[in-house]
There are 2 protein chains.
Amino acid sequence: MKEETTSGGVRSVQLALDVLERVAGASEEIGVSELAVQLGTTKGSVFRHLKTLVERGYLSQNPQTSRYRLGVQSYVLGHAAADGIDLLSASADALRDLRDELGLSVVLSVLQGRRLVVVDTQLGKSALEIGVRTGTELQLHCNAQGKVALAFARQLGVDQLGAADLPAVTVNTVTDRQELKRQVAEVRAQGWAAAIEEETLGISAIAAPILGLNAEFIGAVALVATVQNITRQVDPAQVHALKKAALRASWNLGYRDGP
Amino acid sequence: MKEETTSGGVRSVQLALDVLERVAGASEEIGVSELAVQLGTTKGSVFRHLKTLVERGYLSQNPQTSRYRLGVQSYVLGHAAADGIDLLSASADALRDLRDELGLSVVLSVLQGRRLVVVDTQLGKSALEIGVRTGTELQLHCNAQGKVALAFARQLGVDQLGAADLPAVTVNTVTDRQELKRQVAEVRAQGWAAAIEEETLGISAIAAPILGLNAEFIGAVALVATVQNITRQVDPAQVHALKKAALRASWNLGYRDGP
């Protein structure tokens, strides 16, 4: 009985977080019926969880429409979390300078367990804005940040990827495990990675690792642009600026290069 | 039985949110035993909730110390919430300009239900930094933002405050209901409020309302400074700049003055 209550309790937390994330992901306010359908549960159950989340300020209900959106308490939580993500403050100046120097979009992602999650985009200066939504979980095999993570994060490796982790996302995606291993070894040796139209046709990226104490991999900084601005023959000046920004952020996090 | 599971489920969500908020409020990483003591429950129960929150990325556990801090998913949630808080984007430029013009700290708070919560501080330019922590819930009777909320928010009023809502926080706090009503009426007439050392000795604030469609009260913008910079005889230039900034944010939210 105790275990049932227990697992029920945790299931309840799971559902509350599912509700929060559905509301966060909705482009507009969302109603209880839609949530129940999306989450495959009853309106009554969703409603009780909504009520708790509204009471605590994580959601707010529009009195005109009775629909839900995120509340101030969610914002407050995220604000507190930002203070705790050292990477954000350690890299802020370096990323802004990089964006200003090259005029291209700069994307910051952080390793959380075995997930690589985008936490910040500094939009470039062209009229065509290219960003990656905060909260996006990056696949590892088909983009520059992912290859950097595979090369530098001790808890990740190409051998740990299942066959399902290597889908062909575009015609340029590397789906051959041996070829990916070869590329990751190269990334480790040269200190940066490129992915030219491997995740999205027309879009390229180069990325470098941000390391902390004991060369621990913390996250990746990437330049993301159209193939017009990041070409298959990557401009050495772009690589130089990128690596400099990544090293600057790494130093702020306690990384000290070589003996 | 169903109701028990139900209320247990919601209780479980309450505890999960309590855990999140304790971790968010801790100045350093926090351990399971401390959390259990703070929340008056068992380590086992706290542990199960921590585990769920870590699995979902809202908390992260330091592998060296086994202690907890906020995780990237909390940040991601807050980022999404910021997009939904129209007040933040509608007022950003006006607040920055106000800070630049006067050099004083500018604090933005938003009304959520019946709570007035600080969501942003633009620090002034003096060496002595005065800010109000994001997430702080403001008392209504003893500060300028609170008096503005009492004057302009339809769901709030001096008559709804209980005796316990009128504590004497400093020697200057207004604790007399009739005097507070008089002041709130004056605030409504003049469009701004002052609180000189009413919440903290040495600190003064003036505030103005940010209104939306149909003059709905959305939040308050305040200048917060030492009594050296905001004096009992409030500088009309400060009031003018404050009201201008508040009106600019209000216009961005759809407020249209007059008939």
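**Group meeting: a predicted two-chain model**

Let me begin with one residue: A:Ser66, at 42% relative accessibility, counts as partly exposed. Please keep in mind throughout that this is a predicted model. A:Ser66 sits in the loop between β1 (59–61) and β2 (68–70) of chain A. Its backbone deserves a remark, as A:Ser66 is not a glycine and yet has a positive phi of about 65 degrees. As a general matter, most residues other than glycine have a negative phi.

Chain B offers a further case. B:Ala215, again a residue other than glycine, has a positive phi near 60 degrees. This alanine is placed in the loop between β6 (203–211) and β7 (217–226) of chain B. Is B:Ala215 buried or partly exposed? With a relative accessible area of 30%, B:Ala215 is partly exposed, because the cut-off for buried is under 20%.

I turn now to the arrangement of the two chains. A turn of 180 degrees and a shift of 0.0 Å along the axis lay chain B on chain A with an RMSD of 0.0 Å. The two copies are therefore related as by a two-fold rotation axis. Which residue of chain B has the C-alpha nearest the axis? That residue is B:Gly78, with its C-alpha 1.9 Å from the axis. Both copies use the same surface, as 100% of the contact residues of chain B recur in chain A.

Two residues of chain B illustrate contacts across the chains. B:Gln112 belongs to strand β3 (residues 105–112) of chain B. With a relative accessibility of 14%, B:Gln112 counts as buried. Setting aside residues up to four places away in sequence, B:Gln112 touches A:Gly57, A:Leu59, A:Ser60, A:Gly71 and A:Val72. The second residue, B:Leu20, lies in helix α1 (residues 2–25) of chain B. B:Leu20 is buried, at 3% relative accessibility. On the same reckoning of sequence neighbours, B:Leu20 touches A:Leu77 from chain A, together with B:Leu53, B:Tyr58, B:Leu59, B:Leu70 and B:Ser74. The C-alpha atoms of B:Leu20 and B:Gly71 are 10.0 Å apart, although 51 residues separate the two along the chain.

Next, the nonpolar core. The largest such core has 110 residues, and A:Val19 and B:Val19 are those with the most contacts inside it. Beyond its neighbours within four places in sequence, A:Val19 is in contact with A:Leu35, A:Leu39, A:Leu50, A:Leu53 and A:Leu59.

Let me now consider how chain A is divided. Domain 1 covers 2–77 and domain 2 covers 85–252. The C-alpha centres of these two domains of chain A lie 33 Å apart. Helix α4 of chain A comprises residues 72–84. What span should its 13 residues have? At 1.5 Å a residue, 18 Å is expected, and the end C-alpha atoms are 19 Å apart, which agrees. Buried residues in α4(A) are A:Val72, A:Gln73, A:Ser74, A:Tyr75, A:Val76, A:Leu77, A:Gly78 and A:Ala81.

In chain A, I would draw attention to strand β3, residues 105–112. Eight of its eight residues are buried, so the strand is largely enclosed by the rest of the structure. A:Ser105, A:Val107, A:Ser109 and A:Leu111 point one way from β3(A), while A:Val106, A:Leu108, A:Val110 and A:Gln112 point the other way.

Which strands pair with β3(A)? One is strand β7 (residues 217–226) of chain A, which runs antiparallel to β3(A) and is joined to it by six bridges. Within this pairing, A:Val110 stands opposite A:Gly219. Another is strand β4 (residues 115–122) of chain A, paired with β3(A) in the antiparallel sense over seven bridges. Here the bridge partner of A:Leu108 is A:Asp120. The hairpin of β3(A) and β4(A) has two residues between the strands, and A:Gly113 takes a positive phi near 65 degrees in that hairpin.

I close with A:Leu98, which lies in helix α5 (residues 86–102) of chain A. A relative accessibility of 2% makes A:Leu98 buried. Apart from neighbours within four places in sequence, its contacts are A:Gly103, A:Val106, A:Val221, A:Leu223, A:Ala241, A:Leu242 and A:Ala245. One of these contacts, A:Val106, is a residue that points from β3(A). Finally, A:Leu98 and A:Gln238 are 140 residues apart along the chain, and their C-alpha atoms are separated by 9.4 Å.

Notes. Residues numbered from 1 in each chain as written. Chains lettered and ligands numbered in written order. Predicted model: local features only at pLDDT ≥ 70, side-chain atom pairs only at ≥ 80, totals over all residues. Heavy atoms only, no water. Helix = DSSP H or I, 4+ residues; strand = E, 2+ residues; numbered from the N terminus. Buried < 20%, exposed > 50% of the residue type's maximum accessible area, 1.4 Å probe, protein only. Contact = heavy atoms within 4.5 Å. Least-squares fit on C-alpha atoms with pLDDT ≥ 70 in both. Core = buried A, V, L, I, M, F, W, Y, C linked by side-chain atoms within 4.5 Å. Expected span 1.5 Å × (residues − 1). Domains from an automatic or database assignment. Pairing = 2+ DSSP bridges.
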